[in-house]
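This explanation follows a few charged pairs and then a helix packing. Please keep the sequence and the 3D view at hand.

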Amino acid sequence: MNTQIGLHGVSHFFDTPHGRISLFNDVDLVFEGGKTHAIVGPSGVGKSSLLSLAAGLEPPRKGEVTFVLKGRELTTTQLRRNSGFVFQQFHLLPELDALGNIALPLKLEGDRQALAKASDWLERVNLRERAGHKPSHMSGGEQQRVAIARAFATDPAFVFADEPTGNLDAATSSSIIDLMFGFAEETGAALIVVTHSDALARRAHNRLALSPSGIEAIA
């Protein structure tokens, strides 16, 4: 229980005018710190919702989610300050250049070395020459590399990624996968990824298959 996210008897559902849509029921699951985890399964079974619960972005309809960092229980606000995020749509701020997007979460933390650290991370994703370019002037792969640098720049304990290669071609996806798993290993961050990519899922220490009947580990 040193560093982990735990889901305890968690169920999640949505109520609609046509009735209740149940995504998953009574899930018991632990994401260990320092490990990589992949969540796979068909569309519509709730993979992104499960990731959102684990990241503390929304509460479960039933059950409890606990967050522990180095033996200390965290609130959802504290968890977010110790987390990085990578999304399928990149979610870079269009008005900021590459350097500014990476530096922003560091500046929000009051880090006086924000620009220097952002510059270092830009170098690590091989985009030094793109420092002054805004997202609209970068390719999808370049934008995702900026997003990965932003996610890891704050030295997070957890990085959550939702279909990070979903909008990329095979060659670009491979390089993005290498970056994410390489940085996770280097920094010791727990990486939790929702993906349809078998190539990505196979890189993870733990693979979990979510289906309408529940969730199970894949050997």
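In this predicted model, a network of salt bridges links Asp-120, Arg-124 and Glu-186. Within that network, Glu-186 pairs with Arg-124, and their closest N and O atoms are 2.0 Å apart. Glu-186 belongs to helix α6 and Arg-124 to helix α4 (residues 114-124), so this salt bridge ties together parts that are 62 residues apart in sequence. Glu-186 is exposed, at a relative accessible area of 52%, while Arg-124 is partly exposed, at 26%.

Helix α6 also carries Asp-178, whose side chain meets that of Arg-203 in a salt bridge with an N to O distance of 2.8 Å. Arg-203 sits in the loop between α7 (198-201) and β9 (206-211), so the pair ties together parts that are 25 residues apart in sequence. Asp-178 is partly exposed, with a relative accessible area of 41%, and Arg-203 is partly exposed as well, with 39%.

A further salt bridge joins Asp-111 and Lys-117, with 2.6 Å between the closest N and O atoms. Lys-117 is partly exposed, its relative accessible area being 37%. The structure holds nine salt bridges.

Helix α6 (residues 170-187) also packs against helix α5 (residues 140-153), at an angle of about 10° and with the axes 10 Å apart. Angles under 35 degrees count as roughly parallel, so α5 is roughly parallel to α6. From α5, the contact is made by Gly-141, Gln-144, Arg-145, Ile-148 and Phe-152. The α6 side contributes Thr-172, Ile-176, Leu-179, Met-180, Phe-183, Ala-184 and Thr-187. By class, this contact has seven nonpolar, four polar and one charged residues.

Technical notes
Residues are numbered from 1 along each chain as its sequence is written. This is a predicted model: local features need pLDDT of at least 70, side-chain atom pairs count only at pLDDT 80 or more; totals for chains, interfaces and linings use all residues. Side-chain values use heavy atoms; hydrogens and water are left out. Axes are lines fitted to C-alpha atoms, for helices over the stretch in contact, and angles run from 0 to 180 degrees between N-to-C directions. Helices (H or I, at least four residues) and strands (E, at least two) are DSSP runs, numbered from the N terminus. Angles under 35 degrees count as roughly parallel, over 145 as roughly antiparallel, 65 to 115 as roughly perpendicular and the rest as oblique. Contact means heavy atoms within 4.5 Å. Ala, Val, Leu, Ile, Met, Phe, Trp, Tyr, Cys and Pro count as nonpolar, Asp, Glu, Lys and Arg as charged, and the others, Gly among them, as polar. A salt bridge is a side-chain nitrogen of Lys or Arg within 4 Å of a carboxyl oxygen of Asp or Glu. Buried means under 20% relative accessible area, exposed over 50%, partly exposed in between (1.4 Å probe, protein chains only).
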